[in-house]
Amino acid sequence: MGFFNMKNVSRGVTLIELIVVLTIMSILAVVALPSYQQYLIEARRSDAINAIRSNQMVVEKYMQQNNATPTSGQVTLKTVSDSGFYNMTYTQVSSSTYQIVATAVSTTSQNNDTGCTVITLVSQMDTIYPTYCH
């Protein structure tokens, strides 16, 4: 039997090998987790943008039909984004302009989205601010 003696064959991992693998996994987790969390926060901004655009469609339809900007009581708008990360508000600025604002819910991770906790659509320019938030 010589080299194929089954009594001398190792059938598992050593404690050192296990510690090395766990150390590598821990380092990867420490490095990757913050990046992943930031990725999720940035990806969830689309929840606000989608809700803003949805409310904008309702307001613009009303304006086409009535030739005036609606008050908040004249249209039914979303008050919370679809995924619940943003609260929505609508303000009639004048008879021809309005503003839609998405504000991150304070109890969600979106409240940690530096610079993008409040995202605003200004109708007269059809621009969402801050521009780097989308």
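## What counts as buried

A residue is called buried here when its relative accessible area is under 20%. By that cut-off, 30% of the 134 residues in the chain are buried. Keep in mind that this is a predicted model.

## Overall layout

Let's start with the big picture. The chain has two helices and four strands, and along the sequence they run α-α-β-β-β-β. The radius of gyration is 27 Å, whereas the globule rule gives 14 Å for 134 residues, so the chain is more spread out than a compact globule. The box filled by the C-alpha atoms, taken along the principal axes, fits with that picture: roughly 95 × 25 × 25 Å.

As for contacts, take those with a separation of 6 or more: 43% of them are between residues 24 or more positions apart.

## The nonpolar core

In general, nonpolar side chains in soluble globular proteins tend to be buried together. In this chain, the largest nonpolar core has 22 residues, and the ones with the most contacts inside it are Ile52, Tyr86, Met88, Tyr98, Ile100 and Ile119. Four elements each give two or more residues to this core: helix H2 (45-66), strand E1 (86-92), strand E2 (98-104) and strand E3 (118-122). H2 supplies the largest share, with seven residues.

What is Ile100 in contact with, once its neighbours within four places in sequence are left aside? The partners include Ile52, Met88 and Ile119, which also appear among the core residues with the most contacts. Ile100 also touches Asn55, Gln56, Thr89, Tyr90, Thr120 and Leu121.

## Surface and charge

The accessible surface of the chain comes to about 9,100 Å², and carbon and sulfur atoms account for 60% of that. On the charge side, there are 7 positive and 7 negative side chains. The centres of those two sets lie 13 Å apart.

## Two backbone spots to look at

Most residues other than glycine have a negative phi, and most peptide bonds are trans. Two places in this chain go the other way.

One is Asn67, in the loop between H2 and E1. Phi of Asn67 is near 60°, a positive value in a residue that isn't glycine. Is Asn67 buried or exposed? Asn67 has a relative accessible area of 74%, and the cut-off for exposed is over 50%, so Asn67 counts as exposed.

The other is the peptide bond joining Tyr129 and Pro130, which is cis, with omega at about -15°. Pro130 sits in the segment after strand E4 (127-129).

How values were computed: Residues are numbered from 1 along each chain as its sequence is written. This is a predicted model: local features need pLDDT of at least 70, side-chain atom pairs count only at pLDDT 80 or more; totals for chains, interfaces and linings use all residues. Side-chain values use heavy atoms; hydrogens and water are left out. A nonpolar core is a set of buried Ala, Val, Leu, Ile, Met, Phe, Trp, Tyr and Cys residues joined through side-chain atoms within 4.5 Å. Buried means under 20% relative accessible area, exposed over 50%, partly exposed in between (1.4 Å probe, protein chains only). Contact means heavy atoms within 4.5 Å. The radius of gyration is taken over C-alpha atoms; the globule rule is 2.2 Å times the number of residues to the power 0.38. Accessible areas come from the Shrake-Rupley method with a 1.4 Å probe; for residues, only the protein chains shown count as cover. Lys and Arg count as positive and Asp and Glu as negative; His and the chain ends are not counted. The place of a charge is taken as NZ of Lys, CZ of Arg, CG of Asp or CD of Glu.
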